[in-house]
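The exercises below are meant to be worked through with the sequence and the three-dimensional view side by side. Try each task before reading the solution that follows.

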Amino acid sequence: MSVQDQPNDAIGTESAALVQTRVGRPDFGRASIWGPPLAVLALVIGVWYLAALVILEPDRRFLLPAPHVVLAVFANENTRVDIWVALLNTAAVAITGLAIAIAIGVVWAIGMSQARWVERSLFPYAVILQSIPILAVVPLIGFWFGYDFAARTIVCVLIALFPMVSNTLFGLQSVDRSQRELFLLQGASRWTILTKLEFPTALPAIFAGMRISAGLSVVGAIVGDFFFQRGTPGIGSLIAKYGSRLQSPELFASVIVSALFGVVIFVFFGWLRRRAVGKWYDVS
Amino acid sequence: MLTTRRGAAKSLLDFRDVAMTFPDGTVALTGVDLTVNRGEFVTVVGPSGCGKSTLLRIASGLETASSGTVELNTDRIGYVFQDATLLPWRSVQSNVELLAELHGTPRAQRAVKAKEAIELVGLTGFEKYLPRALSGGMRMRTSLARSLTLDPEIFLFDEPFGALDEIARERLNDELIKLFTEKQFAGLFITHSVSEAVYLSTRVVVMSGRPGNIVDTFEVPFEMPRDPEIRFTAEFAHLIGEVSHALRGGHN
């Protein structure tokens with residue numbers, strides 16, 4: 001093959017793709033990225049103000065404190081510290097739970113991918129696990145494991161496990177038949193096929209599962225807080241406390257902080273996925 | 001014993017009265033006799049679904065024939081799939097090294113092997129590219145290079161260029177012939193393109209529709225390496241006509 005005929009084959013196609021990227025996604029700067037969500041935020045705050053200050057009479061405004069009243073909560077140092085410490089405790093539970101869910105989920109799925117009969121034996125229980133109304137078994141978990149960190153972490157794991165199992169299994173099973181045969185023709189062992197073919201193929205799906213499970217484990221940690229108040233309770237306990245005392249500005253502030261924490265985790269795992277597989281996999 | 005057999009045997013691949021019936025009752029092949037000798041490039045043409053690919057899968061050991069005997073007198077087999085089957089997370093270099101890696105070849109040695117193979121298929125300079133950045137033709141070249149690292153004595157091709165456009169396909173045909181003359185491997189090549197079959201091979205085998213069996217065989221008289229211009233000669237057109245005719249006969 002001579003040097004001149006290469007451009008037809010590859011370089012031509014590639015530069016065409018580059019041109020297309022430029023045409024297809026014109027760069028309007030940050031405005032095009034941040035504009036739409038900020039507009040929605042402005043709208044939500046507008047409606048919030050309308051409801052809080054126009055629709056509600058002054059003596060009923062505790063039902064929905066106006067945004068600036070909620071923000072004012074953070075000016076109080078004691079409350080600020082309370083929320084911050086509770087958030088850290090929740091984060092510790094959520095991250096521990098997530099790590100355990102990832103480990104169990106990946107191992108469980110790898111086990112099922114090794115043989116049809118293992119999958120048939122174990123997959124129904126993954127589905128059942130996901131179908132259990134978690135709120136109903138939470139009191140049991142308290143009986144069995146106590147009312148502090150361990151119990152809260154277990155709730156996280158139960159809630160976050162299923163997406164890891166199903167995504168990893170789906171990923172492991174999405175290997176092309178011909179790619180598998182390529183390995184089989186060289187007499188590759190099952191372990192080699194798992195580590196050099198199946199597991200790398202599954203990585204995009206595993207990272208997608210992690211992002212879903214991460215969000216769920218934050219929910220799990222907060223649910224755990226509601227029930228298990230011993231040890232170092234997290235932001236869920238704080239929300240329960242503010243709720244029972246009708247401290248609605250503090251309640252709103254805590255809810256917003258936990259939501260922001262969920263967003264941070266979601267963004268982090270999106271970033272991690274792009275870093276890990278974005279080079280060779282189209283991460284949407 | 002084994003070495004003498006391997007060295008002395010002229011035929012690399014020998015099918016005798018091979019039949020294949022799948023568990024669902026589909027009869028894919030009946031009574032296939034086919035020999036591929038050293039120095040031969042045999043092409044099998046046939047209508048789709050006639051069991052041509054099954055033939056290759058049996059030859060490579062991916063499937064076992066229901067009856068008949070299959071003799072393969074080498075363990076150095078190259079297998080080129082319909083798609084390039086590259087691992088998308090590996091660079092061209094690393095993809096080409098894969099088979100040697102699976103055989104436990106030391107790192108330095110397989111890097112040298114891969115470098116040679118990459119050069120042979122004209123991909124020097126693209127070693128660090130990921131498959132997604134390559135055209136279909138270049139992916140196929142990478143796939144070829146990967147098999148070349150095994151120094152195959154026989155190459156099995158399962159319609160490898162079927163998905164490429166005409167120009168890329170013709171260029172790869174020329175390069176395959178160049179490799180065939182340089183590296184002296186034997187070839188068994190499946191295709192549904194009659195002109196590709198005649199151009200590439202020393203012998204064209206025509207298969208009938210399901211259940212597949214061999215209905216005709218044509219020796220191709222043109223000398224190797226092929227001059228691309230023979231595509232426009234009367235003899236070439238005539239042979240294509242004959243093969244196409246046999247293929248149509250097989251349909252009915």
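**Exercise 1: a strand and its neighbours**

Strand β7 of chain B, residues 186–191, is mostly covered, with 6 of its 6 residues buried. The coordinates come from a predicted model, and the task is to find which way the residues of β7(B) point and how β7(B) pairs with β3(B) and β6(B).

Step 1. Sort the side chains by direction: A186(B), L188(B) and I190(B) point one way from β7(B), while G187(B), F189(B) and T191(B) point the other way, and all of them are buried.

Step 2. Turn to strand β3 of chain B, residues 41–45, which pairs with β7(B) in the parallel sense over 5 bridges; within this pairing, V45(B) has T191(B) as its bridge partner.

Step 3. Then take strand β6 of chain B, residues 154–158, which runs parallel to β7(B) and is joined to β7(B) by 5 bridges; here the bridge partner of F155(B) is G187(B).

**Exercise 2: a hairpin**

Describe how β1(B) and β2(B) are connected, and say what is found in the turn.

Step 1. Establish the pairing: strand β1 (residues 11–21) and strand β2 (residues 27–37) of chain B are antiparallel, with 7 bridges between them.

Step 2. Pick out one pair across the two strands, for which D14(B) serves, standing opposite T35(B) in β2(B).

Step 3. Inspect the connection: the two strands β1(B) and β2(B) form a hairpin with 5 residues between them, and G25(B) in the turn has a positive phi of about 95°.

**Exercise 3: one residue in its surroundings**

Is V205(B) buried or exposed, and which residues is V205(B) in contact with beyond its sequence neighbours?

Step 1. Locate the residue, which lies in strand β8 of chain B, residues 203–207.

Step 2. Apply the cut-off of 20 or more other C-beta atoms within 10 Å: V205(B) counts as buried because 25 other C-beta atoms lie within 10 Å.

Step 3. List the contacts, leaving aside neighbours within four places in sequence; they are L34(B), V42(B), T43(B), V44(B), I214(B) and T217(B).

Step 4. For a comparison of scale, take R110(B), which is 95 residues from V205(B) in sequence and 36 Å away in space, C-alpha to C-alpha.

**Exercise 4: cores and domains**

Which residues have the most contacts inside the largest nonpolar core, and how is chain B divided into domains?

Step 1. The largest nonpolar core has 74 residues, and those with the most contacts inside it are A145(B), I154(B), L156(B), L188(B) and V243(B).

Step 2. A second, separate core of 54 residues includes A86(A), A109(A), V155(A) and I239(A). In soluble globular proteins, nonpolar side chains tend to be buried together.

Step 3. Follow A145(B) outward: residues up to four places away in sequence aside, A145(B) touches V96(B), A117(B), I118(B), L120(B), V121(B) and L123(B).

Step 4. The domain assignment of chain B gives domain 1 as 1–76 + 159–252 and domain 2 as 81–151, and the C-alpha centres of these two domains lie 25 Å apart.

Step 5. Where the two domains of chain B meet, domain 1 contributes 11 residues and domain 2 contributes 9 residues; by class, the domain 1 side has 7 nonpolar, 1 polar and 3 charged residues.

**Exercise 5: chain A and its contact with chain B**

How many helices and strands does chain A have, and which element supplies the largest share of the side of chain A that touches chain B?

Step 1. Chain A has 11 helices and 0 strands, and of its 284 residues 32% count as buried.

Step 2. Examine helix α6 of chain A, residues 134–145, whose 12 residues reach 15 Å from the first C-alpha to the last, close to the 16 Å expected at 1.5 Å a residue. After α6(A) comes G146(A), whose phi is positive, near 85°.

Step 3. The contact between the chains takes 20 residues from chain A and 22 residues from chain B; on the chain A side, α1 (6–24), α8 (177–185) and α9 (190–227) each supply at least two residues.

Step 4. The largest share of that side, 6 residues, comes from α8(A), and by class the side of chain A that touches chain B has 9 nonpolar, 5 polar and 6 charged residues.

Definitions and conventions. Residues are numbered from 1 along each chain as its sequence is written. Chains are lettered from A and ligands numbered from 1 in the order in which they are written. This is a predicted model: local features need pLDDT of at least 70, side-chain atom pairs count only at pLDDT 80 or more; totals for chains, interfaces and linings use all residues. A nonpolar core is a set of buried Ala, Val, Leu, Ile, Met, Phe, Trp, Tyr and Cys residues joined through C-beta atoms within 7 Å. A residue is buried if 20 or more other C-beta atoms lie within 10 Å of its own, exposed if 12 or fewer, and partly exposed in between; C-beta atoms are placed from the backbone. Two residues are in contact if their C-beta atoms, placed from the backbone, lie within 7 Å. Domain bounds come from an automatic or database domain assignment. Ala, Val, Leu, Ile, Met, Phe, Trp, Tyr, Cys and Pro count as nonpolar, Asp, Glu, Lys and Arg as charged, and the others, Gly among them, as polar. Helices (H or I, at least four residues) and strands (E, at least two) are DSSP runs, numbered from the N terminus. The expected span of a helix is 1.5 Å times one less than its number of residues. Two strands pair if DSSP finds at least two bridges between them.
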